[in-house]
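Visitor: I would like a close look at a single part of this model, followed outward to whatever else can be said with care. Please take it slowly and keep the reasoning visible.

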Amino acid sequence: MIALPETWCVPVVRGDFRDDGVWERLKYEIASPTDEGWMARVEFVEDRALIGLDAVDIAAGCPRAYPGRYRHPVVFVVDAVTVAVPEHPLLVVNLNERVGTGPFRALPRQVQSIENNLSLANMDFFEFARATDPDGVFRGF
């Protein structure tokens, strides 16, 4: 089981440490407001325990325990795929025990939309997962 941080904000967890420049760019993109002025309420966390784990292992290690255990219904993970692929799609893992939808990937500039809508209960996780492109990446509506 992966130990997620105790935070009021949605965690963006770094699990791949091969490229500090990518990590810094991702943090900047995620922390910057969108063109519409939306900001993501996230906390950046580094977790060396995730090194070497793939998306399946990470998703399986994050128990669906929202709202009982977690204050946030989702976690974003910067894994080996995020670092290696030019668009840097983050792994988006569902923590909501009431939603059975599995993980998907999202571009860094979509974190604001996902976090805002899930935190406000304006949309559900499955709505974002269903809106992914054929390659499994959410690029926006």
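**A strand residue and its surroundings**

Guide: The residue to begin with is Val92, which is found in strand S4, spanning residues 90-94; bear in mind throughout that this is a predicted model. Val92 has a relative accessible area of 0%, and therefore counts as buried, the cut-off being under 20%. Leaving aside the neighbours within four places in sequence, Val92 is in contact with Val74, Val75 and Phe76, with Pro103, Phe104, Arg105 and Ala106, and with Phe125. As a reference distance, the C-alpha atoms of Val92 and Ser32, which are 60 residues apart along the chain, are separated by 19 Å.

From the strand we can turn to a helix, H4, which covers residues 111-119. Of its 9 residues 7 are buried, so H4 is largely enclosed by the rest of the structure. The buried residues of H4 are Val111, Gln112, Ile114, Glu115, Asn116, Asn117 and Leu118. After H4 comes Ala121, whose phi is positive, near 55°.

Towards the start of the chain, Thr7 lies in the segment that precedes strand S1, residues 10-14. Thr7 counts as buried, because its relative accessibility is 5%. Two partners of its side chain can be described at the level of atoms: the side chain of Thr7 reaches the backbone nitrogen of Cys9 at 3.0 Å, and the side chain of Thr7 also makes a polar contact, at 2.6 Å, with the side chain of Glu43. When residues up to four places away in sequence are not counted, Thr7 touches Glu43, Arg71 and His72, so that Glu43 appears both as a polar partner and in this list of contacts.

Cys9, reached by the Thr7 side chain through its backbone nitrogen, raises the matter of disulfides. Cys9 is buried, with a relative accessible area of 19%, a value that qualifies because the cut-off is under 20%; Cys62 is likewise buried, with a relative accessible area of 4%. For the sulfur of Cys9, the closest cysteine sulfur is that of Cys62, 17 Å away, which is too far for a bond. Seen from the other side, the sulfur of Cys62 has its closest cysteine sulfur in Cys9, again at 17 Å and too far for a bond. A disulfide would require the two sulfur atoms to be within 2.5 Å, and by this rule the count comes to 0 disulfides.

How values were computed:
Residues are numbered from 1 along each chain as its sequence is written. This is a predicted model: local features need pLDDT of at least 70, side-chain atom pairs count only at pLDDT 80 or more; totals for chains, interfaces and linings use all residues. Side-chain values use heavy atoms; hydrogens and water are left out. Helices (H or I, at least four residues) and strands (E, at least two) are DSSP runs, numbered from the N terminus. Buried means under 20% relative accessible area, exposed over 50%, partly exposed in between (1.4 Å probe, protein chains only). A polar contact is a pair of N or O atoms within 3.5 Å; within protein, one must be able to donate a hydrogen and the other to accept it, and residues adjacent in sequence count only if both atoms are side-chain atoms. Contact means heavy atoms within 4.5 Å.
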